[in-house]
Amino acid sequence: MPTIAALTEKVRAGARLDASEALTLYRSAPAPLLGRLADEIRARKHPERVVTYIIDRNVNYTNVCVAKCNFCAFYRPVGSPDGYVLGFDELFRKIDETVAVGGVQLLLQGGHNPDLPLEWYEDLFRAVKARYADFKLHALSPPEVIHLSRLAQLPAPTIIDRLIAAGLDSIPGGGAEILVDRVRKLLHCYSKASADEWLDVMRHAHRAGLRTTATMMYGTVETDEERIEHMVRLRELQDETGGFTAFITWSYQPDHTELGGREATGLDYLRTLALARIVLDNFDNLQASWVTQGGKVGQLSLAYGANDMGSVMIEENVVRAAGAAYCMDELEIVRNIEDAGFAPKRRNMHYEILGDPFCRERDVPRMLELATAREDGDHHVPDELLNYPARSRAGKQIRILPN
Ligand code: SF4
């Protein structure tokens with residue numbers, strides 16, 4: 001087995017670690033050394049000491065989901081009184097609010113709702129692009145694409161092509177969890193997408209010309225080996241396509257979930273982030289997940305390999321449902337970046353720099369808590385939903401007896 005000193009030298013020489021070398025380093029290297037190695041790689045890739053972030057809004061268009069992953073506290077089953085679908089007008093209002101604070105895109109993801117056919121998404125995307133020509137749609141993670149493919153009985157590449165024609169700009173890397181089928185079966189998310197299916201959607205998206213992100217949710221039932229297998233599979237696809245812009249990892253949030261358990265510690269997060277920077281040698285950008293770790297660990301991430309603070313996200317629903325409710329507006333993100341010794345710059349989804357902080361150009365009101373998809377107790381059914389056929393019995397009833 002190679003020594004930590006030999007592996008340190010190998011990483012410093014810019015050589016690639018295989019899975020067993022990465023495991024040895026992960027298990028045996030002290031956290032400060034892992035952090036130093038990751039920081040050196042970050043400095044090689046981003047010598048200009050800039051840390052980027054994006055202003056966008058994380059909107060969950062529906063919480064109705066048939067997948068029922070056991071780690072998820074966000075979804076509601078079909079027919080639940082707490083289930084919702086956002087109307088086009090509600091989404092336009094959210095975009096207006098996002099644009100007003102300098103936002104450039106919507107991160108749009110939702111449950112696998114059997115009553116939203118492909119045409120609903122196409123009409124929504126076209127309507128957004130008709131109103132906001134320059135606004136970007138970073139939308140529908142691979143399992144949502146697979147869900148639509150099954151619903152419409154069309155191959156996933158056809159779904160991607162149709163969504164691109166309607167206005168899709170990029171696919172978020174959600175739903176990856178851990179890309180090992182043993183883990184996916186234990187988390188009840190194998191049927192929504194196996195590891196191969198998730199990777200295949202990204203492969204098709206990259207071939208169709210989209211750039212996408214990649215994620216990893218750790219801290220459930222996976223082993224250290226499986227965390228590394230996940231990273232190696234992403235690295236292989238990135239070698240093949242070069243289509244990933246960034247990697248984002250966060251820890252499982254256990255509150256209100258069927259799976260339960262405990263949240264991973266901050267140190268585990270920092271070690272995992274640093275390992276990702278070392279293993280994912282062909283990824284340019286690593287985000288700090290302050291949404292799950294809080295601002296302080298988010299800031300420390302900049303010393304453990306991250307070069308991006310993710311999103312000033314305005315709205316968040318999924319992580320909040322599982323107990324994490326951190327909020328940082330642009331001013332707070334900028335303060336954390338500068339205090340860590342970096343220059344903050346706004347970016348777009350392709351990690352191109354858009355400029356200095358928006359809040360220094362305009363008077364933007366402080367945001368002290370993140371918005372939600374809908375007010376609690378608001379059960380209204382959007383009018384346009386009645387134009388689309390439902391698959392579920394509950395959905396059919398709603399179409400007969402609207403509001
Ligand atoms: S994680 Fe996504 S797919 Fe799984 S139950 Fe929650 S909303 Fe549905």
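Start with the whole chain in view: of the 403 residues in the protein, 60% are buried, where buried means under 20% relative accessible area, exposed means over 50%, and partly exposed is in between (1.4 Å probe, protein chains only). Before you click further, note that this is a predicted model in which local features need pLDDT of at least 70, side-chain atom pairs count only at pLDDT 80 or more, and totals for chains, interfaces and linings use all residues. Residues are numbered from 1 along each chain as its sequence is written, and side-chain values use heavy atoms, with hydrogens and water left out.

**The whole protein**

Switch to cartoon. You'll find 16 helices and 10 strands; helices (H or I, at least four residues) and strands (E, at least two) are DSSP runs, numbered from the N terminus. The radius of gyration is 21 Å, close to the 22 Å that the globule rule gives for 403 residues, so the protein is as compact as a globular protein of that length. That radius is taken over C-alpha atoms, and the globule rule is 2.2 Å times the number of residues to the power 0.38. Line the view up with the principal axes, and the C-alpha atoms fill a box of roughly 70 × 50 × 40 Å.

Turn on contacts next, meaning heavy atoms within 4.5 Å. Take the contacts between residues at least 6 apart in sequence: 76% of them join residues at least 24 apart.

Now show the surface. The accessible surface comes to about 16,500 Å², and 51% of that belongs to carbon and sulfur atoms; the areas come from the Shrake-Rupley method with a 1.4 Å probe, and for residues only the protein chains shown count as cover. Colour by charge if you like: the 47 positive and 57 negative charges have mean positions 2 Å apart. Here Lys and Arg count as positive and Asp and Glu as negative, while His and the chain ends are not counted. Each charge is placed at NZ of Lys, CZ of Arg, CG of Asp or CD of Glu.

**Stop one: helix α1**

Select residues 4–12, which make up helix α1, and pick out its buried residues: Leu7, Thr8 and Val11. Look down the axis of α1 and these buried residues fall within an arc of 105 degrees, so they line one face of the helix. The arc is that of the directions from the helix axis to the C-beta atoms. Flip to the other side of α1 for Ala5 and Glu9, which are exposed.

What covers the buried residues of α1? Add α2 (19–28), α3 (31–45) and α11 (266–279), which are among the elements that do. Then step just past the end of α1 to Gly14, with its positive phi of about 85 degrees.

**Stop two: two positive phi angles outside glycine**

A bit of background: most residues other than glycine have a negative phi. Go to Arg49, in the loop between α3 and β1 (50–60). Arg49 isn't a glycine, yet has a positive phi of about 55 degrees. Its side of the story on exposure: Arg49 is partly exposed, at a relative accessible area of 40%.

Next, select Lys68, in the loop between β1 and α4 (88–100). Lys68 isn't a glycine either, and has a positive phi of about 60 degrees. With a relative accessible area of 42%, Lys68 is partly exposed.

**Stop three: around α9**

Select helix α9 (residues 195–207) and find His206 in it. Is His206 buried or exposed? It's buried, with a relative accessible area of 10%. Leaving out residues up to four places away in sequence, His206 touches Thr212, Thr241, Gly243 and Phe244.

Move on to Ala208, in the loop between α9 and β5 (211–218). Ala208 counts as partly exposed, at 34% relative accessibility. Apart from neighbours within four places in sequence, Ala208 is in contact with Ile160, Asp161 and Ile164. Draw a distance from Ala208 to Leu270, 62 residues apart along the chain, and the C-alpha atoms are separated by 34 Å.

**Stop four: α7 and α10**

In helix α7 (residues 156–166), select Ala165. Ala165 is exposed, with a relative accessible area of 66%. From its C-alpha to that of Gly294, 129 residues apart along the chain, the separation is 38 Å.

Finish with Glu225 in helix α10 (residues 224–241), which is partly exposed at a relative accessible area of 38%. Not counting residues up to four places away in sequence, Glu225 touches Leu23 and Arg27. Glu225 and Ile41, 184 residues apart in sequence, are 22 Å apart in space, C-alpha to C-alpha.
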